[in-house]
Amino acid sequence: KDCPIYIYFPTAFTPNKDGLNDKYKPLISGRILLYEFAVYNRYGQLVFKSKIPDEGWDGIFNNSGNPLPGSYVWVCKYQFFNQPAYQKKGMFTLIR
């Protein structure tokens, strides 16, 4: 009942298959009703999109097979139970 409600977006991730930070996704605490998460590369191309909060981006684009290092932009629309809807944007770095 008194648990904090938040959504946190990391500033970097390392998809090197070591079991730590292998997928980029926000950390969510609270009951989410609406969720849309998208990642874009520096050219504005959509590289990942999901409506499932537990699903994250593994750093691979166009079935290239390897994560592509660099900076990316995320956009997230979300709504917690009994809260207004929000849209946030930010950047993160894929470290390889």
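Here is a short walk through the structure, one selection at a time. Keep in mind that this is a predicted model.

**The sheet.** Start in cartoon view and pick out the open sheet: 5 strands in the order S2-S7-S6-S4-S5, with mixed pairing. Strand S2 (12-13) and strand S5 (46-50) are the edges, each pairing on one side only. Now select strand S4, residues 32-40, together with S5; they run antiparallel and share 4 bridges. For a spot to centre on, take alanine 38, which faces lysine 49 in S5.

**The salt bridge.** Stay around S4 and show the side chains of glutamate 36 and lysine 51. They form a salt bridge, 4.0 Å from N to O. Glutamate 36 belongs to strand S4 while lysine 51 sits in the loop between S5 and strand S6 (70-80), so the contact ties together parts 15 residues apart in sequence. How exposed are the two partners? Glutamate 36 is partly exposed at 23% relative accessible area, and lysine 51 is exposed at 58%. Don't go hunting for others: the count for the model is 1 salt bridge.

**The aromatics.** Next, select Phe9, Phe13, Tyr24, Tyr35, Phe37, Phe48, Trp57, Tyr72, Trp74 and Phe92, and show them as sticks. These residues form one aromatic cluster. The model has 14 aromatic pairs by count. Zoom in on phenylalanine 9 and phenylalanine 37: the ring centres are 6.4 Å apart and the planes meet at 25°, which is under the 30 degrees cut-off, so this pair counts as stacked. The two rings link distant parts of the chain, with phenylalanine 9 in the loop between S1 and S2 and phenylalanine 37 in strand S4, 28 residues apart. Both are buried: phenylalanine 9 has 11% relative accessible area, and phenylalanine 37 has 0%.

**Out to the surface.** Switch to a surface view and colour Tyr6, Tyr8 and Leu27. Together they make a nonpolar patch of about 310 Å². Tyrosine 6 is part of strand S1, residues 6-8, and is partly exposed at 39% relative accessibility.

**Last stop, two cysteines.** Select cysteine 3 and cysteine 76. Which is buried and which is exposed? Cysteine 3 is the exposed one, with 60% relative accessible area, whereas cysteine 76 is buried at 0%. A disulfide is a covalent bond joining the sulfur atoms of two cysteines. A search of the whole structure turns up 0 of them.

How values were computed
Residues are numbered from 1 along each chain as its sequence is written. This is a predicted model: local features need pLDDT of at least 70, side-chain atom pairs count only at pLDDT 80 or more; totals for chains, interfaces and linings use all residues. Side-chain values use heavy atoms; hydrogens and water are left out. A disulfide is a pair of cysteine sulfur atoms within 2.5 Å. Buried means under 20% relative accessible area, exposed over 50%, partly exposed in between (1.4 Å probe, protein chains only). Patches are made of residues with over 30% relative accessible area and no salt bridge: like charges are joined within 9 Å, nonpolar side chains (Val, Leu, Ile, Met, Phe, Trp, Tyr) within 5 Å. Accessible areas come from the Shrake-Rupley method with a 1.4 Å probe; for residues, only the protein chains shown count as cover. Helices (H or I, at least four residues) and strands (E, at least two) are DSSP runs, numbered from the N terminus. Two strands pair if DSSP finds at least two bridges between them. Rings of Phe, Tyr and Trp (its six-membered ring) pair if their centres lie within 6.5 Å; planes under 30 degrees apart count as stacked, over 60 as edge-to-face and the rest as tilted.
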